[in-house]
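This report goes through one protein model, from the overall fold to the surroundings of its ligand. Please keep the sequence and the coordinates at hand while reading.

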Amino acid sequence: MRTRLAGIAACCLAIASCTRPLPDADVIIVGAGIAGLSAALEAGASGGRVLVIDANSVGGGHAVKAGGFALVGTPLQEKKGYRDSPEIAERDLLAWGEDADPAWVRRYVRASRPEVHDWLTAFGVRWGFILDTPEHSVPRFHFASGSALNVVVPLMRAAYAQPNLDFRWNTEAVALLRTGSAVTGVRVRDLRSGMTSELRAPAVIIATGGWQSDLDFVRRNWRSDVPAPARLYAGAGYFATGSGIQLGTEAGAATTRMDHQVTFTTGLPDPRDPTGSRALLSQNPSAIWVNSSGRRFISETAPSKDADDTVLKLKPATHWLIFDADGLKTLRVRDGVWLGNPAGIEPLKALGLIRQAGSIAALAKAVGLPAPALQATVDRWNAAVRAGNDADFGRFTPGKPDATARELGKAPFYAMQLFPMTRKSMGGLAIDADTRVVDAGGRPIPGLYAAGEVTGVAGINGSYGGEGTFLGPSVYLGRLAGRAVTSRSGLSRDPQPVAAPAKISISNDPTYRARALTVAPEALPALLDAHRPGYWHFEVAHRTVQERGLDCTACHTPDWPTRAAASAGQKQVQLNSCGTCH
Ligand SMILES: Cc1cc2nc3c(=O)[nH]c(=O)nc-3n(C[C@H](O)[C@H](O)[C@H](O)COP(=O)(O)OP(=O)(O)OC[C@H]3O[C@@H](n4cnc5c(N)ncnc54)[C@H](O)[C@@H]3O)c2cc1C
């Protein structure tokens, strides 16, 4: 009898394993941006088998291009004498965002120190400086030395060092797998081979970021109080297509706050973008801003949300920066790695994106602004600077001087026409307090979680994005999702320490260098011209290598020759190279 029962049990198991394949992991995380990496480390620390997939061939997502974190009550603030508290931060965020989600704001401002600042610091992140920005009544926009690259690289290093964390690159999630109403995996497409396959896990965390590079998606969800601009450029990353929103909604998820989108108005068309649809963020504190009538229309130092709303309401929604030879020194154009090439902004001048002329009248003619009006605007501005009083827009008054406001008098004069550009999504998949994705009735979809910008960072920003209020909340939400998954699956909760991998230095020994070359430098042009699917980052990176005349062995070593990094050790060496370009 016993044997017979055992036999039936074994038979059932066999049938079960035929119809329901063994899971590939305890959790699958879609997206290796800062939210996905935080979720992976959190879930991995409790011993779970974590599989992270990403459509790109490298991790980090937008954080690679981003800046700082809004953090509350940190040691650096204390050192600088900035007295901050969760109560002050909560008031600031609710006031700036106007309709932010109060519960999530309250949670974030209390969690940012222990859950974001202290956690990142334990991975070796060092906080360098804090910027004072208008939405925060106390300076709290924290930067690691340099950009947020210096925050995600330590996370990637830690993740690669964990044996229970696995990464699949060039792998795009195309659908969620379901068993009944529960999500039980992901259908993926290998971008390099074109093959689709199914990956199974009892939990899936969507961390695919926003949709700000799909301009149709942006327009479909445009806010109702201001018309969408005729010329609108993309200012987010290559993979920010909102695919995670689609994955979620196809599985029954509700969306929320979809018309909450950050649109900057200081975008300069990117001449390097083959689609002609992308822009670069451009700023110049020495410039005056004029509309299509050649007149100033706002204080150039107005808080960003006022400035952006004002420009979006202009007809047409565009403006020009006007500055002189001295003002050229304070021009900052950001977002393109190629701007760091030796030629810098010269191509922008050569292509007429920065116009130059010997007089204001000639400049007006060159850019198509009314010359008498522009001359009158510049004369009036210069008189205001001399008087120390901007009676028109109050940028400076005798009691509130502005050192960046200077007379425009030194030829050549410059003009740049700027346009609205997309940036960040503040709505997305609806989640509950546990980061579980919910349907229209507020019921959690079993097995499905979401974190980061794909959730509109949980409505923390309301209608107006603040400085640092995406990266910090993305880390927090990622950790919450990783934790929610592991606590539900009953995995152990003893966080495992992560060993810091050794940095591998590059020797000048020619034999050492030669061993790094499995693909000869001469072979590179053909590889780049092939435009192979799944090689986007390889191509953009190595075009930069060519333009900067870099030697292959500046990044590749015998420990990571000129081929895709495969082992954990090779991935660690690969991470040494990111800062060369980012
Ligand atoms: C230029 C720029 C500067 C910014 N500066 C700041 C700042 O200073 N402070 C701040 O707080 N915020 C800033 N932000 C916003 C912030 O960077 C992002 O909100 C944040 O990094 C989002 O992280 P994430 O992990 O949620 O998503 P992402 O960083 O977008 O990562 C998503 C990942 O998912 C992958 N992916 C997408 N779809 C799929 C799919 N279908 N299958 C597989 N993989 C997929 C992508 O390749 C990507 O790696 C900035 C944004 C930009 C564009």
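The text below treats the overall dimensions, then a set of paired strands, then one helix, and finally the ligand shell.

The model is predicted, and local features therefore need pLDDT of at least 70, side-chain atom pairs count only at pLDDT 80 or more, and totals for chains, interfaces and linings use all residues. Residues are numbered from 1 along each chain as its sequence is written.

The protein has 18 helices and 21 strands, these being DSSP runs numbered from the N terminus (helices H or I of at least four residues, strands E of at least two). Its radius of gyration is 26 Å, close to the 25 Å given by the globule rule for 582 residues, so the protein is as compact as a globular protein of that length; the radius is taken over C-alpha atoms, and the rule is 2.2 Å times the number of residues to the power 0.38. Along the principal axes, the C-alpha atoms fill a box of roughly 105 × 60 × 45 Å. Buried residues account for 45% of the 582 residues, where buried stands for 20 or more other C-beta atoms within 10 Å of the residue's own, C-beta atoms being placed from the backbone.

Strands E7, E8 and E9 are linked by two hairpins, compared here; strands count as paired if DSSP finds at least two bridges between them.

| Antiparallel pair | Bridges | Residues between the strands | Glycine with positive phi |
|---|---|---|---|
| E7 (171-179) and E8 (182-190) | 8 | 2 | Gly-180, near 65° |
| E8 and E9 (196-200) | 5 | 5 | Gly-194, near 80° |

Within these pairs, Leu-177 stands opposite Gly-185 in E8, while Arg-189 stands opposite Thr-196 in E9.

Towards the end of the numbering, helix H17 (residues 568-575) has Lys-571, Gln-572, Val-573 and Leu-575 buried, and the elements covering them include helix H6 (149-160) and helix H18 (578-581).

Which residues lie closest to the ligand? Of the 39 residues that surround the ligand, the closest are Gly-31, Gly-33, Gly-61, Gly-209 and Gly-452, a residue being counted if its C-beta atom, placed from the backbone, lies within 6 Å. Two or more shell residues come from each of H2 (34-45), E7, H8 (243-250), E18 (413-425) and H13 (471-489), and H2 gives the most, with 3 residues. By class, the shell has 15 nonpolar, 17 polar and 7 charged residues, with Ala, Val, Leu, Ile, Met, Phe, Trp, Tyr, Cys and Pro taken as nonpolar, Asp, Glu, Lys and Arg as charged, and the others, Gly among them, as polar.

Conventions: A residue is buried if 20 or more other C-beta atoms lie within 10 Å of its own, exposed if 12 or fewer, and partly exposed in between; C-beta atoms are placed from the backbone. Two residues are in contact if their C-beta atoms, placed from the backbone, lie within 7 Å.
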